[in-house]
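Student: I am new to this structure. Could you take me through a single part of it, closely and step by step?

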Amino acid sequence: IAKARTYRLAAVAVDGGKLKWDSPLGDVFPKQRDLKKSPLAKATLTQLLSHWSGLPANAMWGLAALGGKDMRSQREAVLRMATELKDLPEPGTKHLYSNWGYVLAGHMLEEVGKADWEDLMRKVVFTPLGITDAGFGGTGTPGKIDQPWPHGADGKPAESNGPDVDNAPALGPAGTVHMPLSDWAKFIAEHLAG
């Protein structure tokens, strides 16, 4: 459910004048020399959030941790990995489902918000909506069935559970948010109310 939250965070940034829907990645990160050489420099916030950036679905997310311990450094590493991709289509020319695009949109939001995506999410999305039990990463107590147990694409249960059993942390803007239905309902109610 992280993508919907990231989209909301982007909308708040746009409403606040920190970004525009057509802000290109290259304008937000002008010091990224390798980005300037990539078609990705022209990818807009909207294209990153709507799977029109030209980026593939996923990166080797574990490599992001080599960028450092804090999330902004890890997402900076994801941006560097993206600039090294060869033969990317021009943004806007090919629809490709892309978690990568959401991670880079999240990194844009970190840059203009001057904080980690997770901190921005708590401050800008969760707290104003009264969402109190949301978090990031896997759920449950390792070895105990006290939350839904993770499973693979084949439907078989994972070998373990707990906070560390989830997508890589750098993938946050695309998929590490969890919350109970009561908090999910607050998010839905807000959007149904316009």
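Student: Which residue follows helix 7, and what is the sign of its phi?

Tutor: Keep in mind that the model is predicted. The residue after helix 7 is G130. Its phi is positive, near 75 degrees.

Now step back into the helix itself. Helix 7 covers residues 117-129, which makes 13 residues. Its length can be checked. The expected span is 1.5 Å times one less than the number of residues. For helix 7 that gives 18 Å. The C-alpha atoms at its two ends are 17 Å apart, so the span agrees with the expected value.

Helix 7 also has a kink. The bend is about 25 degrees, and K123 is at its centre.

Next, look at which residues are covered. Buried residues of helix 7 include W117, E118, L120 and M121. V125, F126 and L129 are buried too.

For contrast, turn to two loop residues elsewhere. L66 sits in the loop between helix 4 (45-49) and helix 5 (71-83). Its relative accessibility is 71%, so L66 counts as exposed. The cut-off for exposed is over 50%. L66 also joins M60 and L63 in a nonpolar surface patch of about 350 Å².

G17 is the other one. Find G17 in the loop between helix 1 (2-15) and helix 2 (25-28). With a relative accessible area of 62%, G17 is exposed. From G17, go 13 residues along the chain to P30. The C-alpha atoms of G17 and P30 are separated by 18 Å.

Definitions and conventions. Residues numbered from 1 in each chain as written. Predicted model: local features only at pLDDT ≥ 70, side-chain atom pairs only at ≥ 80, totals over all residues. Heavy atoms only, no water. Patch = residues over 30% accessible without salt bridge, like charges linked within 9 Å, V, L, I, M, F, W, Y side chains within 5 Å. Areas by Shrake-Rupley, 256 points an atom, 1.4 Å probe, with all protein chains shown as cover. Salt bridge = Lys/Arg side-chain N within 4 Å of Asp/Glu carboxyl O. Helix = DSSP H or I, 4+ residues; strand = E, 2+ residues; numbered from the N terminus. Buried < 20%, exposed > 50% of the residue type's maximum accessible area, 1.4 Å probe, protein only. Bend = angle between axes of the 7 residues up to and from the residue.
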